[in-house]
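Dear colleague,

Please find the structure we spoke about below, with its sequence. My notes on what was found in it come after.

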Amino acid sequence: MSDLTLNIASLPGNVGVQAQRSQAADICARTGLPGKRDEDWKYTDISRLTATLGDAWWLTAPTAINSDATSLATIDDLDAYRLVFIAGQFQPEQSNLPDGVQLRPLSELLQNDTDDSAHCLFKLDESAPLFNGLLAANSALASDGLCACIGDGIKLDKPLYAVHVGNSTAHTLNGLMLGKGAEATLIEHFIGTDSDQAGLSNIATYLRLGDNAALTHYRLQLESDKQFHVGRVEVKQARDSRYTLHAVELGGSLSRADIVVNLAEPGASCALNGLFVASGRQHIDHHTRIDHNAPHCCSRENYRTVLDGRAHAVFNGKIVVAEGAVKTDSAQSNGNLLLSKHAEIDTKPELEIYNDDVKCAHGVTVGQLDKNQLFYLKSRGLSEDEARQLLTVAFADEILVAMDIKAVRSFIEKEAFSKLPNLGDLEGVLG
Amino acid sequence: MLKIENLHASVAGKEILKGINLEIGAGEVHAIMGPNGSGKSTLSNVIAGRDGYKVTAGSVTYNGKDLLAMEPEERAWEGVFLAFQYPVEIPGVNNTYMLKAGVNAKRKHQGEQELDAIDFMQLVKEKAKLVELNESFLSRGVNEGFSGGEKKRNEIFQMAVLEPSLALLDETDSGLDIDALRIVANGVNKLRREDRSIVMVTHYQRLLDYIEPDFVHVLADGQILKSGDKSLALELESRGYDWVKEEAAA
């Protein structure tokens with residue numbers, strides 16, 4: 001791991017950032033990668049990372065991708081401010097940024113020796129929930145990302161659409177802060193190219209919501225087949241703020257995301273919607289952690305997974321209600337559809353409640369397609385394949401309809417179900 | 001057009017149908033009545049092709065073809081329709097989308113051109129009127145959140161859209177109040193045609209006040225014990241089923 005320390009000397013950032021980097025490198029060297037003995041990594045074997053990328057799994061290798069963002073599988077009919085990152089590096093000529101909003105790529109902030117605004121992003125808290133060596137590596141090595149501050153009362157007229165392209169190893173660090181009453185939509189889209197190359201996308205995204213602010217966050221993971229993807233989304237919410245996440249996991253060889261939400265002040269609410277569609281030998285793992293730290297906060301969580309082939313998914317939803325967090329309203333639901341007998345799901349709701357005045361509901365289902373529904377559709381003239389496809393799409397419907405940007409929803413609908421065999425045109429399927 | 005000969009079928013190793021013989025001609029309306037557990041629903045399910053029923057002997061031919069060798073969807077393409085006793089809810093699958101897929105699969109099978117979205121919507125709206133089904137139901141998930149009566153109406157609406165040549169109505173009247181029954185029965189009556197046979201399975205004579213059958217059969221203990229015209233239904237209403245059983249045993 002000492003190599004990692006050597007590596008950071010050449011990275012951008014002023015003295016303060018460099019100090020944070022070397023601290024992070026030390027932590028990374030000390031903690032290393034999480035092992036199977038770690039409860040939070042019991043079902044996800046991250047040693048596949050070193051087996052594929054070697055001991056220096058964190059090493060960023062420059063890759064030549066000459067693709068123009070317009071030729072990539074991005075969401076075309078989306079009216080948005082675009083930020084394109086290729087192999088972890090911001091591409092100004094392919095991006096268009098909004099006016100009147102503080103929004104800059106991290107790489108630009110790091111060029112300026114007197115600018116300290118990026119400091120806080122590099123600071124690590126080892127006692128934070130689900131902290132691990134991968135996050136430390138991100139802090140040590142990140143050189144680019146999206147940094148934005150939406151001022152008080154500003155409502156961004158279009159979504160921020162951050163497209164991350166590449167099969168290389170990249171450590172990306174994003175920070176988005178919303179002032180009082182500010183509103184924005186952030187779409188993070190991870191796309192692989194068709195290459196056979198494997199790399200690690202290590203993405204950390206820190207979100208801060210001011211009083212009464214509202215953020216809708218799409219996190220769309222469509223990496224290519226061999227890619228490793230690890231991500232952390234850390235959200236801190238002030239009074240009455242509202243956070244909505246649509247997390248979609250379709251790509252990658254192994255993908256893990258830690259979603260950590262802190263409902264820090266009264267009246268804050270969050271909704272986490274997740275959709276996994278996995279096949280082959282894909283491995284997808286989401287660990288979510290919601291801390292109710294103040295009264296009258298509300299959390300909703302709905303994850304659905306569709307697994308085919310030998311795919312393996314892990315869902316862990318932990319909710320912690322603090323002593324003073326009275327009138328907490330929390331509901332969690334996780335539905336799993338196994339299309340093949342070799343697919344596997346490990347799902348675990350975890351509740352820790354330290355006061356009596358709370359409403360917490362949770363439910364898990366694991367099942368196959370319903371035989372009675374299949375027969376009903378077939379008796380109306382639909383073929384076996386057609387009926388199976390329809391029911392599969394319907395299962396995911398709850399998550400899809402919650403997506404309020406139609407272009408994103410149609411895109412995901414198409415991408416998700418093109419993975420499953422024999423799906424035709426699904427226009428108009430959903431009820 | 002439908003010919004059932006010596007049909008034996010079992011469920012989970014238990015014999016339910018014990019030699020059914022029945023012939024149904026084009027345009028005829030038959031009522032099959034019988035006490036609970038007599039095998040009425042098993043008969044409809046075997047004809048429609050539901051899993052879990054094992055035919056141990058006999059045959060079912062439809063327009064000269066072996067119906068039992070076909071998949072449920074192939075039977076639908078051949079014109080067989082089952083109105084379910086308990087229609088399932090399929091949240092997330094649009095009612096109209098399902099029907100369009102069904103209609104077009106059948107048209108394709110018959111070598112006809114598939115309907116486009118506009119023609120289909122027109123057809124669907126017209127048929128919805130037949131059973132007084134509010135148009136808002138068309139774009140909802142199949143039976144999703146429908147009341148019992150609405151589900152049964154939706155079944156007859158689907159029958160109207162799919163235009164079968166053989167319709168099996170499995171206890172379509174059960175659970176309906178008088179007003180809902182009248183609407184459903186009116187719908188069925190409007191769908192009577194010279195080239196469309198209808199088989200109603202019921203244990204209430206009440207349905208037959210609204211839909212007049214050409215033939216009435218009594219099914220008990222897996223066999224058809226007696227057949228007659230609509231007056232038989234009235235007799236069953238007043239005398240119950242036991243006398244038929246006794247008569248058959250004698």
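The notes begin with how the model should be read, then turn to the contact between the chains and to the domains of chain A.

This is a predicted model, in which local features need pLDDT of at least 70 and side-chain atom pairs count only at pLDDT 80 or more, while totals for chains, interfaces and linings use all residues. Residues are numbered from 1 along each chain as its sequence is written, chains are lettered from A and ligands numbered from 1 in the order in which they are written, and side-chain values use heavy atoms, with hydrogens and water left out.

Chain A has a mean pLDDT (the predictor's confidence in each residue, from 0 to 100) of 91, and 94% of its residues reach 70 or more. Residues 422-426 of chain A stay under 50, and the model gives them 10 contacts beyond four places in sequence, a contact being heavy atoms within 4.5 Å. Where pLDDT is low, the predicted coordinates should not be read in detail.

Between the chains, 24 residues of chain A and 33 residues of chain B take part in the contact. The buried area (the accessible area, with a 1.4 Å probe, that two parts lose on being put together, summed over both) is about 2200 Å² for chain A and chain B, with 64% of it from carbon and sulfur atoms. Of the area that chain A buries against chain B, 35% is supplied by A:Phe375, A:Tyr376 and A:Arg380, more than by any other three residues.

The interface of chain A and chain B holds 3 salt bridges, each a side-chain nitrogen of Lys or Arg within 4 Å of a carboxyl oxygen of Asp or Glu; one of them joins A:Lys378 to B:Glu73, with the closest N and O atoms 3.7 Å apart. On the side of chain A that touches chain B, helix H7 (371-379) and helix H8 (384-401) of chain A each supply at least two residues, where helices are DSSP runs of H or I with at least four residues and strands are runs of E with at least two, numbered from the N terminus. H7(A) gives the largest share of that side, 7 residues.

Within chain A, the domain assignment, which is automatic or from a database, gives domain 1 (2-265) and domain 2 (370-431), and their C-alpha centres lie 32 Å apart. Their contact takes 16 residues from domain 1 and 11 from domain 2 of chain A. The area buried between these two domains of chain A is about 1100 Å², 78% of it from carbon and sulfur atoms, and the count of salt bridges between them is 0. Strands S7 (183-191), S9 (214-222) and S11 (242-249) of chain A each give two or more residues to the side of domain 1 that touches domain 2, with the largest share, 4 residues, coming from S9(A).

With best regards
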